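Work through the exercises below with the structure open. Each task is followed by a stepwise solution.

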Amino acid sequence: MARILTLSGVSGQPVGGKAEGLARLEKMGLRVPPTRVLVEAQPGFRSPEILRAIEPLGPGPLAVRSSALGEDGAESSFAGQYETILNVEGEAALFEAIDQCLASTESARAKAYRSDIEDGEAGPPMSIVLQRMVDAQASGVCFTVDPFSDRRNRLILDSVVGLGESLVSGEASPDHDELRRSSGEWEPRQCVGEKPALSEDQRAQLANEALQAEAAAGEPLDLEWAIDRDGTLYWLQARPITTLGLDPQVLDTPPMEPGDVFTRCNVGEMMPGAVSPLTFSTCARGIDVGWQDNLITLGVRPERSASNVYIGMSHGHLFINLSEGARFASAVTGSHPDEQSLAICGRIVPEVVAPSSTPLWVRGPRTLRQVWSIVRAQPQIRAMERLVADGAIESGANARDTWRAIDRQMETLYEAYARHLIVSSGAGALTPILLRVLAGREEPSAEHHALVGHLLAGAENVESADIATGARIILEALLKVSAPEAFSEGTVESARDWLEGPTSGEAGQAWRDYMGRHGHRSLRELDVRQPEWAYDPEPLIRSLQAQLRARKEEGVVKAQRPNAPSVDLGRLRWVAPMAHAAVRNRERSKSLLVSTTVHFKRAYRALGLQLVSEGRLPDADAVFFLLHEELGACAEGVDGLDWAAIAVARRGLLPYQQSLRFPEVTVGRPEPERPAPPEAGADRVVGKPVSRGQVEGFVRVVHSLAEAEALRPGEILVSSITDVGWTPYFAIIAGLVTDVGSAVSHGAVVAREYGLPAVLNTGHGTQILTTGDRVRLDGDTGIVEILDPANSA
């Protein structure tokens with residue numbers, strides 16, 4: 001027999017998901033519209049008892065909603081599969097609406113949904129929610145986490161004026177608000193109409209009560225709400241969010257101190273984009289431990305911290321903690337944070353606050369030790385050479401033994417990073433010093449940056465420059481021996497077979513020599529997931545094939561070298577040999593660091609294969625999506641966790657993480673920036689000039705190394721970033737523009753060696769410039785002017 005219950009009386013009753021959700025909301029102390037629940041009714045149900053039961057709900061129309069068992073549950077939501085009838089008035093309309101809701105359990109769409117979700121078609125028991133309609137001035141939905149990106153640090157509000165049915169059905173576009181839960185800050189509002197549907201106070205009330213509901217429920221919620229004409233907030237529905245994947249911030253590191261300032265500069269060039277969890281726990285951890293060990297040596301820290309202090313991660317992207325760098329400077333050299341900002345970001349970062357300086361009597365000995373270690377770069381380099389020579393990691397008989405062998409060698413990686421940080425700090429310190437000499441107390445101008453770039457040019461025996469030179473030698477040899485069609489037009493495999501075969505002659509010898517010197521290099525070369533060229537030469541061979549085809553074409557544009565610099569070099573000429581030596585040492589140190597990393601790449605690839613053969617991982621690539629310590633647990637078979645599922649879930653996050661862009665500098669936890677369209681009619685891009693000269697040519701915007709194969713001779717390469725893996729293409733381009741970078745970036749170093757005008761750190765050059773634009777690139781002023789847009793026709 002049918003029964004009619006109040007929300008307070010539904011506990012333990014088979015009332016279905018919607019009624020249970022409303023009862024929970026009411027029990028939490030949140031306001032819901034006056035409601036009754038009809039239980040165990042059958043189609044055709046008619047009883048005057050129900051008319052008496054709904055009298056306490058008050059006058060006005062009703063909402064009649066289905067509430068089936070299993071609906072709005074943790075496993076599946078059944079959203080929209082069963083009926084909801086709004087604005088029901090009168091006895092006949094009421095009973096007809098009840099019949100429609102009861103019958104909807106056997107509708108074709110509901111059966112299809114159950115078949116897909118539950119592998120069955122039997123309709124569940126159905127209760128009916130009878131609810132007084134809210135005369136809504138605004139309504140909408142609230143997700144206490146972001147169900148689209150799976151970020152738990154977001155609360156989402158979508159709102160419309162009036163009733164929310166048009167929003168739920170997809171017929172109306174809402175205002176959109178996002179709350180950063182960790183900081184309590186709202187993202188810029190996205191409004192559909194001239195004025196927002198919600199006031200600031202209403203938005204805050206919705207967020208506060210929704211988070212209160214989530215805390216009480218113990219799980220993320222999808223809620224529907226309405227605000228009546230008097231401004232009273234009512235909650236209409238609450239259900240678990242059933243489709244959440246892994247949080248893309250699952251491995252985020254917290255800021256060391258509130259208000260710490262982070263940047264993508266420098267580390268974003270070294271490890272562009274999102275990195276794998278294994279890279280984070282090895283190479284990113286290596287940078288941080290190397291930093292900490294140097295502080296211990298200088299007497300600043302007593303011991304290592306188990307958590308990172310210098311390298312942070314957000315959404316899989318790595319960041320340098322500028323505030324930690326400022327704390328180091330105040331404790332060791334007493335220098336102002338602006339010097340660090342100029343070295344890392346190429347500009348002053350005012351958000352970095354100078355800490356109180358350590359007394360001189362404490363700083364003095366530390367400063368002397370720091371300077372002494374920097375000027376003695378060669379002993380550091382020789383020590384790194386020994387690490388490379390002795391650093392091979394032998395695979396064990398099983399995954400456990402191999403992981404233990406890797407773990408025993410981890411201190412070698414940390415030492416390599418510590419020594420590289422010392423060597424590279426010499427080149428890093430020169431840039432701000434030179435800029436300060438030129439600019440005095442003012443912000444360095446584009447001309448000052450161009451002059452520093454000019455001073456850094458001309459260093460001989462720079463290893464990264466030899467990567468481009470060596471590739472050009474192979475190319476010349478290929479032309480000389482008339483490389484067959486099988487090389488230039490064939491597959492990577494056939495091209496490699498020919499190069500390594502007996503008929504390749506001088507080209508084959510040049511290839512073997514090149515791989516002997518640079519086979520350890522690659523794109524994203526400090527990411528342990530990225531194979532080195534010796535293991536996978538496909539990117540290098542494709543580059544050679546593209547250049548060989550390009551050399552058969554005409555129209556190579558040569559860069560126009562500038563006239564004499566407009567600023568007198570007299571007072572800076574003395575520092576050029578020192579600058580060249582610092583750049584040369586840094587590049588050699590970086591190469592040795594990469595060689596050390598390759599030992600670990602090879603060992604982890606072997607470990608991945610063993611974990612697959614032992615049935616612990618689904619494929620060898622999954623090894624890169626567990627932290628080093630987690631791989632130990634996986635190999636040992638402890639903890640009882642499904643490491644394979646965890647690795648696969650994290651790998652699924654990577655494409656989303658790779659798509660994110662971040663501001664150059666952020667205060668507090670770095671958060672992705674919402675893509676902003678470039679200003680209409682933008683006719684120029686401005687960045688940092690790092691290699692002098694001017695050139696006019698056509699733009700080729702390239703987002704990946706694979707896209708670089710389309711580069712034609714004389715085009716101007718525009719990319720988010722370039723690292724060593726891009727170097728072979730520098731032989732055919734006429735200029736370089738990147739979103740990030742500095743005067744000591746690899747792209748800048750190689751551009752100067754090739755005499756290519758280059759403008760780096762444009763911020764959004766890849767979004768403003770378009771393939772086919774004819775531009776004038778000025779490496780003296782940092783301006784890229786669009787002369788003829790690609791779409792002007």
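**Exercise 1. Lay out the five-stranded sheet: in what order do the strands run, and which strands are the edges?**

Solution.
- Step 1: Write down the order. In this predicted model, five strands make an open sheet, β1-β2-β5-β3-β4, with antiparallel pairing.
- Step 2: Find the edges. β1 (3-5) and β4 (84-88) pair on one side only, which makes them the edge strands.
- Step 3: Take the twist. Ignoring direction, neighbouring strands of this sheet are turned by 20° against each other on average.
- Step 4: Zoom in on one pair. β2 (residues 35-39) and β5 (residues 126-132) are antiparallel partners over four bridges. V37 has V129 in β5 as its bridge partner.
- Step 5: Add the helix. α1 packs on the sheet and touches β2, β3 (62-68) and β5. The direction of α1 makes about 110° with that of β3.

**Exercise 2. Do the same for the four-stranded sheet: what is its order, and which helix lies across β12 and β14?**

Solution.
- Step 1: Read the order. Four strands form an open sheet, β13-β14-β12-β15, and pair in the antiparallel sense.
- Step 2: Locate the edges. β13 (311-314) and β15 (665-667) each have a single partner strand, so one side of each is left without a neighbour in the sheet.
- Step 3: Take the twist. The average turn between neighbouring strands here is 35°, direction ignored.
- Step 4: Check an inner pair. β12 (residues 261-263) and β14 (residues 317-321) are joined in the antiparallel sense by two bridges. F262 stands opposite N321 in β14.
- Step 5: Place the helix. α9 (residues 322-332) lies across β12 and β14. Its run makes about 30° with β14.

**Exercise 3. Inspect N87 and D150: what is the sign of phi in each, and where do they sit?**

Solution.
- Step 1: Take N87. Its phi is positive, about 55°, although N87 is not a glycine.
- Step 2: Place N87. The residue belongs to strand β4. N87 counts as partly exposed because its relative accessibility is 44%, between the 20% and 50% cut-offs.
- Step 3: Take D150. Phi is near 70°, again a positive value in a residue other than glycine.
- Step 4: Place D150. The residue sits in the loop between β6 (136-143) and β7 (154-161). At 15% relative accessibility, under the 20% limit, D150 counts as buried.

**Exercise 4. Is K27 buried or exposed, and how far is K27 from A213 in space?**

Solution.
- Step 1: Assign the element. K27 lies in helix α1 (residues 17-27).
- Step 2: Apply the cut-off. Exposed means over 50% relative accessible area. K27 has 79%, so K27 counts as exposed.
- Step 3: Compare sequence with space. K27 and A213 are 186 residues apart in sequence, and their C-alpha atoms are 10.0 Å apart.

**Exercise 5. How many disulfides does the structure hold, and are C101 and C142 buried or exposed?**

Solution.
- Step 1: Recall the bond. A disulfide covalently links the sulfur atoms of two cysteines.
- Step 2: Count. The search of the whole structure finds zero disulfides.
- Step 3: Check accessibility. C101 is buried, at 0% relative accessible area. C142 also counts as buried, at 0%.

**Exercise 6. Which stretches have a pLDDT below 50?**

Solution.
- Step 1: Start with the average. The protein has a mean pLDDT of 84, and 86% of the residues score at least 70.
- Step 2: List the stretches. Residues 72-80 are below 50, with 27 contacts in the model beyond near neighbours in sequence. Residues 555-567 are also below 50, with 31 such contacts.

Note on methods
Residues are numbered from 1 along each chain as its sequence is written. This is a predicted model: local features need pLDDT of at least 70, side-chain atom pairs count only at pLDDT 80 or more; totals for chains, interfaces and linings use all residues. Side-chain values use heavy atoms; hydrogens and water are left out. Buried means under 20% relative accessible area, exposed over 50%, partly exposed in between (1.4 Å probe, protein chains only). A disulfide is a pair of cysteine sulfur atoms within 2.5 Å. Two strands pair if DSSP finds at least two bridges between them. Axes are lines fitted to C-alpha atoms, for helices over the stretch in contact, and angles run from 0 to 180 degrees between N-to-C directions. Contact means heavy atoms within 4.5 Å. pLDDT is the predictor's confidence in each residue, from 0 to 100.
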